[in-house]
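Trainee: I am new to this structure and would be grateful for a close look at a single part of it. Please take one helix and describe how it sits among its surroundings.

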Amino acid sequence: MAWNSNLLPLSALQHLVFCERQCALIHVEGLWAENRLTVEGNHLHRKAHDGPDGHRKSVRMARGMELVSHELGLIGRADVVEFPNEGPVRPVEYKRGRPKRHDADLVQLCAQAICLEEMLGLDDPLPEGAIFYGQTRRRLDVLFTSSLREKTRGAAARLHAMIASGVTPTARRERKCDRCSLLALCLPDAMRSRATARRYIEQETARLLAVAFPSPEGSA
Ligand code: SF4
């Protein structure tokens with residue numbers, strides 16, 4: 001697949017819908033931190049990507065298929081794409097947890113569907129995909145409604161605007177922060193008035209170094 005520098009990672013949409021600040025910390029400032037939830041999630045994705053392609057009943061399954069949409073300006077990979085002998089193609093995502101209150105997982109899956117429609121040159125929009133949740137061991141069917149498609153296109157547009165601006169939104173402490181892998185870097189309680197976690201960390205590091213290694217008196 002040809003690399004186009006205007007293409008952004010499809011997975012960033014999920015970060016954006018979960019928390020715009022988290023998305024900017026990862027994709028603008030280049031900060032990343034793992035926690036138990038991200039490690040477990042990555043393990044599940046690797047298992048889904050690395051398994052062999054194959055058939056289940058009358059469905060051919062392609063694992064780790066590369067995806068791109070020039071309309072959305074996104075590039076990524078699907079865990080699994082199902083190609084039934086009859087009927088429309090379905091993207092399937094594997095998630096470690098359970099269905100969420102927010103739409104991050106649904107938007108990510110819908111973006112995959114838009115990629116597939118564009119790549120396969122489909123005349124008809126794909127009606128649905130599915131998300132398999134590890135905690136509930138259940139597969140959730142997701143309809144690609146016009147409102148979900150609108151939300152997905154809106155999220156992709158906001159993602160491009162955010163990356164182009166290079167501005168990190170200010171922190172807002174919410175309940176979801178307790179599950180966020182970037183909590184220790186974002187510092188939502190301390191950062192309310194500061195937009196850039198990297199600058200804050202650099203300032204704090206400089207301050208601590210100055211305390212630990214004070215300059216000789218009289219030097220500049
Ligand atoms: S700690 Fe909260 S505000 Fe900060 S990135 Fe995570 S979810 Fe967003």
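**A close look at helix α5**

Mentor: Let us begin where the helix ends: in this predicted model, G166 follows just after α5 and takes a positive phi of about 70 degrees. The helix itself comprises the 20 residues 146-165. At 1.5 Å a residue, a helix of that number of residues should span 28 Å, and the end C-alpha atoms of α5 are indeed 28 Å apart, so the expected and computed values agree.

Next comes the question of which residues of α5 are buried. They are L148, R149, T152, A155, A156, L159 and M162. Viewed down the axis of α5, these buried residues fall within an arc of 155 degrees, and therefore they line one face of the helix. A general rule helps in reading such a pattern: an α-helix has 3.6 residues a turn, so residues three or four places apart point the same way. On the face of α5 turned away from the buried side lie the exposed residues S146, E150 and A164.

What covers the buried residues of α5? The cover includes the strands β1 (8-9), β4 (74-84) and β7 (138-143), together with the helices α1 (12-18), α2 (20-27) and α4 (104-120). Two of these elements deserve a further word.

Helix α2 is itself mostly covered, with 6 of its 8 residues buried. Those buried residues are R21, Q22, C23, A24, L25 and I26.

Strand β4, also part of the cover over α5, leads to the salt bridges. The whole structure holds 11 of them. In one, the side chains of R77 and E66 meet, at 3.5 Å from N to O. This pair links distant parts of the chain, since R77 belongs to strand β4 and E66 to strand β3 (residues 59-69), 11 residues apart. Both partners are partly exposed: R77 has a relative accessibility of 45%, and E66 has a relative accessible area of 36%.

Another salt bridge joins R90 to E82, whose closest N and O atoms are 2.9 Å apart. Here E82 is buried, because its relative accessible area is 2%, under the 20% cut-off. A further salt bridge brings together the side chains of E174 and R172, at 3.1 Å from N to O; E174 counts as partly exposed at 31% relative accessibility, whereas R172 counts as exposed at 62%. Finally, salt bridges that share partners join E82, R90 and R139 into one network.

Terms used: Residues numbered from 1 in each chain as written. Predicted model: local features only at pLDDT ≥ 70, side-chain atom pairs only at ≥ 80, totals over all residues. Heavy atoms only, no water. Helix = DSSP H or I, 4+ residues; strand = E, 2+ residues; numbered from the N terminus. Expected span 1.5 Å × (residues − 1). Buried < 20%, exposed > 50% of the residue type's maximum accessible area, 1.4 Å probe, protein only. Arc of directions from axis to C-beta. Contact = heavy atoms within 4.5 Å. Salt bridge = Lys/Arg side-chain N within 4 Å of Asp/Glu carboxyl O.
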